[in-house]
Amino acid sequence: MCLFCKIVNKEIPSNIEMENENFLAFHDINPKAPIHILVIPKKHVDSFNEVSPETMAEMTTFIQEVVALVGIKESGYRLISNVGHNGGQEVNHLHWHVVGGAKLTFPHLVDANPQDFF
Ligand code: AMP
């Protein structure tokens with residue numbers, strides 16, 4: 001069973017912000033911003049590659065509710081879903097990072113100078 005499935009099953013503790021029948025929002029253990037929440041489907045899906053449009057539609061509503069609940073709807077935030085090796089995905093259970101609470105930077109996403117690829 002994967003790490004996030006264990007969190008869903010409450011075998012591993014987490015700081016839950018919001019929950020319904022199908023989705024869970026909990027605080028990232030290593031926050032990269034003042035607000036850093038992970039939103040996951042309770043039913044295991046490896047990544048965005050495999051998620052159905054129906055699940056994604058329901059998840060969109062859930063994420064919008066989380067964003068409103070934690071008070072960053074107006075100030076702004078960023079949604080990130082890392083996919084696979086190049087995406088830097090460490091936990092193979094679909095999750096959206098919801099980050100905000102301060103003005104976010106948009107640093108280079110590769111170690112090399114991006115211009116070197118062109
Ligand atoms: P990713 O690199 O997109 O797969 O992100 C995985 C995220 O899960 C990282 O930001 C980790 O800090 C976070 N994480 C790992 N273990 C836990 C945990 N037990 N509780 C909450 N967040 C976790």
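**A note on the ligand and its surroundings**

1. Let's start with the shell around the ligand. Both α1 (3–8) and β2 (23–27) give at least two residues to this shell, and α1 provides its largest share, 3 residues. Helices (H or I, at least four residues) and strands (E, at least two) are DSSP runs, numbered from the N terminus. A residue counts as near the ligand if one of its heavy atoms lies within 4 Å of it.

2. A word on the source. This is a predicted model, in which local features need pLDDT of at least 70 and side-chain atom pairs count only at pLDDT 80 or more, while totals for chains, interfaces and linings use all residues. Residues are numbered from 1 along each chain as its sequence is written, and side-chain values use heavy atoms, with hydrogens and water left out.

3. Which residues are closest to the ligand? They are D28, N82, E90, H95 and H97, out of 16 that surround the ligand. By class, the shell has 7 nonpolar, 7 polar and 2 charged residues. Here Ala, Val, Leu, Ile, Met, Phe, Trp, Tyr, Cys and Pro count as nonpolar, Asp, Glu, Lys and Arg as charged, and the others, Gly among them, as polar.

4. Now look at the ligand's oxygen atoms. One is 2.5 Å from a side-chain N or O atom of D28. The backbone takes part as well: an N or O atom of E90 lies 2.7 Å from a ligand oxygen, and a polar backbone atom of V91 is 2.9 Å from a ligand oxygen. The protein covers 86% of the 510 Å² of accessible area that the ligand has on its own (Shrake-Rupley method, 1.4 Å probe).

5. Finally, step back to the whole protein. How many helices and strands are there? The protein has 3 helices and 5 strands, in the sequence order α-β-β-β-α-β-α-β. Along its principal axes, the C-alpha trace spans about 45 × 30 × 30 Å.

Technical notes
Polar contact = N/O pair within 3.5 Å; in protein donor to acceptor, adjacent residues only side chain to side chain.
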